[in-house]
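Welcome to a short set of exercises with worked solutions. Please have your viewer ready, and try each task before you read on.

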Amino acid sequence: MAKIESLHGTTPAEIFESGLENLSDIEAVAISVLWKDGTVTAGWSNLDRAQLALLVLALDERQRHNLELDDGG
């Protein structure tokens, strides 16, 4: 599975600045927005649908793991 590192607490400007500094190391990008009303917009991605699905699954697996750790599991 993919190696996932948290960007919690990082501003969008810091993320984009780091991305520009490391552009040659980036294989793909996916951007989504969580709106205040709870909807999520997948704004843009250069991944094909299969790769995007794997990205979502990897993020879901990581989030479930983090939730288990938070619950003491």
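## Exercise 1: A loop residue

Task: Place Thr 39, which is found in the loop between E1 and strand E2 (40–45), and work out its exposure and its contacts.

Solution. Some ground rules come before the steps. This is a predicted model, in which local features need pLDDT of at least 70 and side-chain atom pairs count only at pLDDT 80 or more, while totals for chains, interfaces and linings use all residues. Residues are numbered from 1 along each chain as its sequence is written, and side-chain values use heavy atoms, with hydrogens and water left out.

- Step 1. Helices (H or I, at least four residues) and strands (E, at least two) are DSSP runs, numbered from the N terminus.
- Step 2. Thr 39 has 39% relative accessibility and therefore counts as partly exposed. In these terms, buried means under 20% relative accessible area, exposed over 50%, and partly exposed in between (1.4 Å probe, protein chains only).
- Step 3. Setting aside neighbours within four places in sequence, Thr 39 is in contact with Val 33 and Leu 34, where contact means heavy atoms within 4.5 Å.

## Exercise 2: The overall fold

Task: Describe the order of the elements and the extent of the protein.

Solution.

- Step 1. The protein has two helices and two strands, and from the N terminus on they run α-β-β-α.
- Step 2. Along the principal axes, the C-alpha atoms fill a box of roughly 40 × 30 × 25 Å.
- Step 3. Of the 73 residues, 5% are buried.
- Step 4. Take the contacts between residues at least 6 apart in sequence: 22% of these join residues at least 24 apart.

## Exercise 3: The surface

Task: Characterise the accessible surface and find a nonpolar patch on it.

Solution.

- Step 1. The accessible surface comes to about 6,600 Å², and carbon and sulfur atoms hold 57% of it. Accessible areas come from the Shrake-Rupley method with a 1.4 Å probe; for residues, only the protein chains shown count as cover.
- Step 2. Phe 16, Leu 23, Ile 26, Val 29, Ile 31 and Trp 44 make a nonpolar surface patch of about 560 Å². Patch members have over 30% relative accessible area and no salt bridge; like charges are joined within 9 Å, nonpolar side chains (Val, Leu, Ile, Met, Phe, Trp, Tyr) within 5 Å.
- Step 3. One of these, Leu 23, sits in the loop between helix H1 (12–21) and strand E1 (30–34). Leu 23 counts as exposed because its relative accessibility is 54%.

## Exercise 4: A charged pair

Task: Which side chains meet in a salt bridge, and how are they placed in helix H2?

Solution.

- Step 1. A salt bridge is a side-chain nitrogen of Lys or Arg within 4 Å of a carboxyl oxygen of Asp or Glu. By this rule the count is one.
- Step 2. The pair is Arg 64 and Asp 60, at 2.7 Å from N to O.
- Step 3. Arg 64 and Asp 60 are four residues apart in helix H2, so about one helical turn separates them.
- Step 4. Arg 64 is exposed at 53% relative accessibility, whereas Asp 60 is partly exposed at 34%.

## Exercise 5: Sequence against space

Task: Set separation in sequence beside C-alpha distance for Ser 6 with Arg 62 and for Gly 72 with Asp 60.

Solution.

- Step 1. Ser 6, in the segment before H1, is 56 residues from Arg 62 in sequence and 9.8 Å from it in space.
- Step 2. Gly 72, in the segment after helix H2 (49–70), is 12 residues from Asp 60 in sequence and 19 Å from it in space.
- Step 3. Ser 6 is exposed, with a relative accessible area of 59%, and Gly 72 is exposed with 68%.
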